[in-house]
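Colleague: I should like a close look at a single part of this model. Please describe one strand and its pairing in detail, and then set other sites of the chain beside that description.

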Amino acid sequence: MTGTLRVLIPSFPASNEGTAAWDAVVATFNEEYPGVTVEPDFATFGNLNEKISTSLAGGKPYDILVTGVGWVPPFASQGAYLDLEQFGVTDKSLSEDAVPAIVPAVTYEGAVYAYPLIMGAKPMAYSRAAFEAAGLDPDSPPSTLAELTAAAEKLTVQDDSGKITRAGFDFWAAASNYRQAYVSVLGALGRDLYEDGEPGFDGAEGAEALDWMSDMINVSKVEEFGQKSASGAPLLLTGEAAIGFTGGYIDCAAVTQELCDDLEFFNLEDSDQAMFSGGQVASIGAGSKLADAAWGFIQALATPEAVASMSELNFAVPAASGAGDSEIVQSNPASAFVYDNLQFVVFEGGAANWLDLRDSFNTELDKALLGQGSSADILKGLAEKSK
């Protein structure tokens, strides 16, 4: 087989490590397909949607598209992806090869349109030292939203002027970026953002979740709106927060082993346990003339070595079943916790027009968090846009 595979992929950053990891994937693929050239388009999640839409409109679609959780229904509904059943992939087979929780995120109307690679969860964690200093039991994490509020209030440190010098809680969200945190809180109250393609956020639980987030900022005052570290890292890892969201992979050598040893991880919980997760999944473009080679490239991306590199580069864990004992998962406490708790993950997306709604969610949630409208009314408006 000869030809050129066009690959749209956000998984490998422009760094020495990213380049080396990408080259290794291509080398593995070319062992089976030596006559096929791989042409990468290293996108970011900021321009991924635009690139896909432009390629479809211009009649030059990609052969392979690596996207995120929530992206499958919008493009599968447009006929942009191949059904992977022709390569032996069904929801049943995928439940054996991958973590079962990811399967619904890569299916649309009963067919599988993407193969899971990695899962980028955002677990909760806290500092044992901060808990002890505040008189809290470091072996008993909060188990409800009310308990989390009470703990965060005790953990907040302010200067004489009232300015927060250490946040009691960190949403790890800049302005217009609270969407994923909202999905986590909503999940803890027992609802998914979308359920069978219909809004699951416009009921009492949805408003309660958004009201709780607003109260943490405006009433309990445990974090400033949009507060973030200079590096963009979770405030917990920079010492600027005592409890909050963090990433699914921590480089203990970079942040110090002492900090890693001080962290305890737990899930948001109220009605249910919940842990937000994004992820990266690989699809084959419906217009590909090299579909077999494209499937071969996805298999190269899904090798344990490749997903380990992608996990480290993207603060994630492998989506493959049986990866719990892998070196990448056991290398740090965040990844070990995440992989052991993937049965509790909640995802964003689920609607066919999700990619049109993401930005609306960001701006509308901000209005509630800034007291510019009621949570119930704002969520009702978003539900209307979902139809």
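Modeller: What follows concerns one strand and its partners, then two loop residues and a charged patch. The model is predicted, and the description should be read accordingly.

Strand E8 covers residues 124-127. Met124 and Tyr126 point to one side of this strand, whereas Ala125 and Ser127 point to the other, and all four are buried. Two strands pair with E8. With strand E13, residues 243-245, E8 forms three bridges in the antiparallel sense. With strand E14, residues 263-266, E8 is joined by four bridges, and this pairing is antiparallel as well. Met124 takes part in both pairings: Phe245 stands opposite Met124 in E13, and Phe266 is the bridge partner of Met124 in E14.

Turning to the loops, Trp172 is placed between strand E10 (164-166) and helix H7. Because its relative accessible area is 23%, Trp172 counts as partly exposed. The C-alpha atoms of Trp172 and Thr246 are 7.1 Å apart, although 74 residues separate the two along the chain.

Asp192 belongs to the loop that links helix H7 (179-188) to strand E11 (194-195). Its relative accessibility is 38%, so Asp192 is likewise classed as partly exposed. Asp192 is one of the residues of a negatively charged surface patch, together with Glu208, Asp211, Asp215, Glu269, Asp270 and Asp272. Helix H8, residues 204-218, supplies the largest share of this patch, namely three residues.

Conventions. Residues are numbered from 1 along each chain as its sequence is written. This is a predicted model: local features need pLDDT of at least 70, side-chain atom pairs count only at pLDDT 80 or more; totals for chains, interfaces and linings use all residues. Side-chain values use heavy atoms; hydrogens and water are left out. Patches are made of residues with over 30% relative accessible area and no salt bridge: like charges are joined within 9 Å, nonpolar side chains (Val, Leu, Ile, Met, Phe, Trp, Tyr) within 5 Å. Accessible areas come from the Shrake-Rupley method with a 1.4 Å probe; for residues, only the protein chains shown count as cover. A salt bridge is a side-chain nitrogen of Lys or Arg within 4 Å of a carboxyl oxygen of Asp or Glu. Lys and Arg count as positive and Asp and Glu as negative; His and the chain ends are not counted. The place of a charge is taken as NZ of Lys, CZ of Arg, CG of Asp or CD of Glu. Buried means under 20% relative accessible area, exposed over 50%, partly exposed in between (1.4 Å probe, protein chains only). Two strands pair if DSSP finds at least two bridges between them.
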